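Please open the model in a viewer and keep the selection panel at hand. The tour below proceeds by selections, each followed by a short account of what is found there.

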Amino acid sequence: MSIPLSSTPAATPPRLSPDTGVVLVVTALFVTLPLLIAGAVSPRQAVLFLIGGLMGAALYHGAFGFTGGWRRMVQERRGRAMRAQMLMVAAATVVFIPVLGGLVPEVRAVGALAPVGVSVLVGAAMFGLGMQLGGGCGSGTLFTVGGGSARMLLTLAFFCIGALAGSAHLPWWLTLPSIGTVDLGKTLGVPGAILATLAFLGAVAAVTAVIERREHGALERVPSPPRRGLARLVHGPWPLVGVGLALAGLNIATLFVAGHPWSVTYGFGLWAAKAADALGAGVAEWPFWAAGGNARALNASVLQDVTSVMNFGIILGAALAAALAGRFAPRAALPWGSALAAVVGGLLMGYGARLSFGCNIGALFSGIASGSLHGWLWFGAAFCGSLVGIRARRLFGME
Amino acid sequence: MSDKRNTFLFGAALAVAGAAVAADHLARSPQPATAPQPVAAAPAANPCAANPCSAAPCSANPCAAVPAAANPCSVAPCSASPCSAVPAAAAPCSVAPCSVAPCSVAPCSVAPCSVAPCSVAPCSVAPCSVGG
């Protein structure tokens with residue numbers, strides 16, 4: 001994340017001056033768009049748009065992102081953000097695995113399962129590197145774009161292009177060695193899968209705590225918020241742990257409403273594929289886009305794609321949150337090095353996400369919570385890639 | 001603090017994106033049929049009279065044996081697997097749509113995520129017996 005993860009408030013509450021015009025426009029969109037989507041597609045799709053809106057507001061007000069959190073762990077040895085991420089995944093896990101295991105027959109849903117193979121290993125490492133250069137992961141890119149970051153708009157554009165390139169090459173990558181899908185819920189049983197997943201998540205959190213204590217002597221204190229109550233709810237910042245739990249709840253809501261967990265980057269590839277197809281690139285003939293659900297998504301309205309509609313909601317939700325916080329579209333310099341990093345990072349993330357079946361949300365969050373082993377492989381590979389990316393930032397003149 | 005130039009840039013980007021979404025929706029939404037054919041009237045004996053691998057695969061109804069089940073090419077294809085008895089068991093819209101066998105639970109044995117989706121025989125006499 002390019003904006004501070006800690007969301008450290010000043011001792012004196014900053015004077016608030018919400019961007020009234022933006023607040024009015026985005027609020028009007030949140031009133032009208034669900035009605036339009038419900039009429040054009042389905043009420044379910046409108047609900048998913050609103051869930052996306054809540055996710056966007058939560059992500060922005062919590063400055064909740066993987067990129068900054070991982071970088072902070074590596075550079076400053078502060079693991080508060082990573083522990084919040086682990087808590088988020090854990091909270092979703094205790095609902096996802098039983099539901100996906102069929103213990104709640106009323107809910108028909110499928111998990112974010114994907115094969116464990118070379119494509120995930122390479123793709124996730126590319127993604128991890130890219131997210132440090134691009135300045136945000138999948139969800140991070142969306143909410144910072146919503147917040148009005150011109151740099152992240154560049155990252156998003158090349159994220160989409162990279163995802164399209166990844167879709168062109170994915171069939172070849174899938175010919176490389178793989179052990180197939182490993183569903184812990186089936187392998188270990190529902191209780192075993194939950195216990196194993198929680199144990200690993202807890203172990204990661206514990207390691208961050210040990211490293212932080214060793215470096216600083218104590219865990220970081222959560223700063224007191226600059227405002228409380230309703231003012232804090234509307235204008236932020238929201239507590240990191242609270243946002244993590246809220247995102248877990250919203251992912252669970254997505255599972256129940258959409259029938260599958262939250263994902264982000266499929267929509268990016270779809271947008272680029274539609275644009276390329278409209279320009280006559282013949283994307284519809286590519287193996288990836290010529291088959292099954294992908295072909296249907298390409299040939300259908302973008303409003304029928306769950307991921308896209310939720311992404312739209314996230315962007316607008318973040319825009320509303322940023323405007324309410326008086327921080328929409330901040331003035332910021334965009335040096336050439338940083339712009340180039342955004343381009344390279346976006347391409348790497350897009351390509352890597354397609355190879356590895358998602359980003360921090362679709363693969364790590366939803367994958368691990370679904371009990372898919374590929375989520376853990378993704379986590380490890382992306383973190384290693386992120387270590388390289390943190391060093392590579394210097395090449396582009398970034399801290 | 002907000003910057004008016006950046007706000008204007010994002011307003012323009014929002015307008016362009018909105019126009020693109022609207023254009024895509026209008027271009028890709030199915031037109032209302034003038035004389036809709038009742039799905040139940042589909043010839044169950046030959047459910048795959050149309051070719052699901054044709055340029056217009058959605059004109060086929062591989063589920064015609066259970067004609068009322070659903071249309072796999074409906075406006076909300078991801079809501080479920082229309083062909084299976086346990087609709088949600090398939091994951092046509094998961095983050096890794098091709099990693100699962102969307103039709104493993106049952107009837108629509110087409111492999112929509114395979115590189116060569118037409119290599120299976122969804123239109124065989126026993127379409128559901130082909131492994132998905």
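The stops run from whole chains to single residues.

**The model and chain A as a whole**

Please bear in mind throughout that this is a predicted model. Begin by selecting chain A and colouring by confidence: the mean pLDDT is 93, and 96% of the residues of chain A reach 70 or more. Residues 1–11 of chain A should be viewed with caution, as pLDDT stays under 50 there. For this stretch the model has 31 contacts beyond four places in sequence.

Switch next to a cartoon view, in which chain A shows 18 helices and two strands. The C-alpha trace of chain A spans about 55 × 50 × 45 Å along its principal axes. The radius of gyration of chain A is 20 Å, which agrees with the value near 21 Å for a compact globule of 399 residues. Of the 399 residues in chain A, 59% are buried. Among the contacts in chain A with a separation of 6 or more, 84% involve residues 24 or more positions apart.

**Chain B**

Now select chain B. How many helices and strands does chain B have? The cartoon shows one helix and zero strands. Buried residues account for 36% of the 132 residues in chain B. When contacts in chain B between residues at least 6 apart in sequence are considered, 24% join residues at least 24 apart.

**The nonpolar core**

Return to chain A and select A:Ala124, A:Ala318 and A:Ala319. These residues have the most contacts inside the largest nonpolar core, which has 135 residues. Helix 15 of chain A, residues 306–324, gives the most to this core, with 14 residues. Centre the view on A:Ala319 and display its surroundings. Leaving aside residues up to four places away in sequence, A:Ala319 touches A:Val22, A:Val26, A:Gly146, A:Gly147, A:Gly148 and A:Phe328.

**Helix 12**

Select residues 265–278 of chain A, which form helix 12. This helix has 14 residues and reaches 20 Å from its first C-alpha to its last, close to the 20 Å expected at 1.5 Å a residue. Is helix 12 mostly covered or mostly uncovered? It is mostly covered, with 10 of its 14 residues buried. The buried residues include A:Tyr266, A:Phe268, A:Leu270 and A:Trp271. Just after helix 12, select A:Gly280, where phi is positive at about 90°.

**Backbone features in three loops**

The next selections concern backbone geometry. Most residues other than glycine have a negative phi, and most peptide bonds are trans.

Select A:Ala63, in the loop between helix 2 (43–62) and helix 3 (66–76) of chain A. Phi of A:Ala63 is near 45°, a positive value in a residue other than glycine. A:Ala63 counts as buried because 26 C-beta neighbours lie inside 10 Å.

Move on to A:Arg77, in the loop between helix 3 and helix 4 (80–100) of chain A. Although A:Arg77 is not a glycine, its phi is positive, at about 60°. With 15 other C-beta atoms within 10 Å, A:Arg77 is partly exposed.

Then select A:Gly236 and A:Pro237 together. Which form does the peptide bond from A:Gly236 to A:Pro237 take, cis or trans? The bond is cis, with omega near -10°. A:Pro237 lies in the loop between helix 10 (229–235) and helix 11 (240–258) of chain A.

**Two distances across chain A**

The last stops set sequence separation beside distance in space. Select A:Cys384, in helix 18 (residues 373–392) of chain A. A:Cys384 and A:Gly128 are 256 residues apart in sequence, and their C-alpha atoms are 7.1 Å apart. A:Cys384 touches A:Ala125 and A:Gly128, not counting residues up to four places away in sequence. A:Cys384 is partly exposed, with 15 other C-beta atoms within 10 Å.

Finally, select A:Ala114, in the loop between helix 4 and strand 1 (115–117) of chain A. A:Ala114 is buried, with 33 other C-beta atoms within 10 Å. Add A:Thr27 to the selection: A:Ala114 and A:Thr27 are 87 residues apart in sequence and 37 Å apart in space, C-alpha to C-alpha.

Methods: Residues numbered from 1 in each chain as written. Chains lettered and ligands numbered in written order. Predicted model: local features only at pLDDT ≥ 70, side-chain atom pairs only at ≥ 80, totals over all residues. Helix = DSSP H or I, 4+ residues; strand = E, 2+ residues; numbered from the N terminus. Buried ≥ 20, exposed ≤ 12 C-beta atoms within 10 Å, placed from the backbone. Rg over C-alpha atoms; globule rule 2.2 N^0.38 Å. Contact = placed C-beta atoms within 7 Å. Expected span 1.5 Å × (residues − 1). Core = buried A, V, L, I, M, F, W, Y, C linked by C-beta atoms within 7 Å. pLDDT = per-residue confidence, 0-100.
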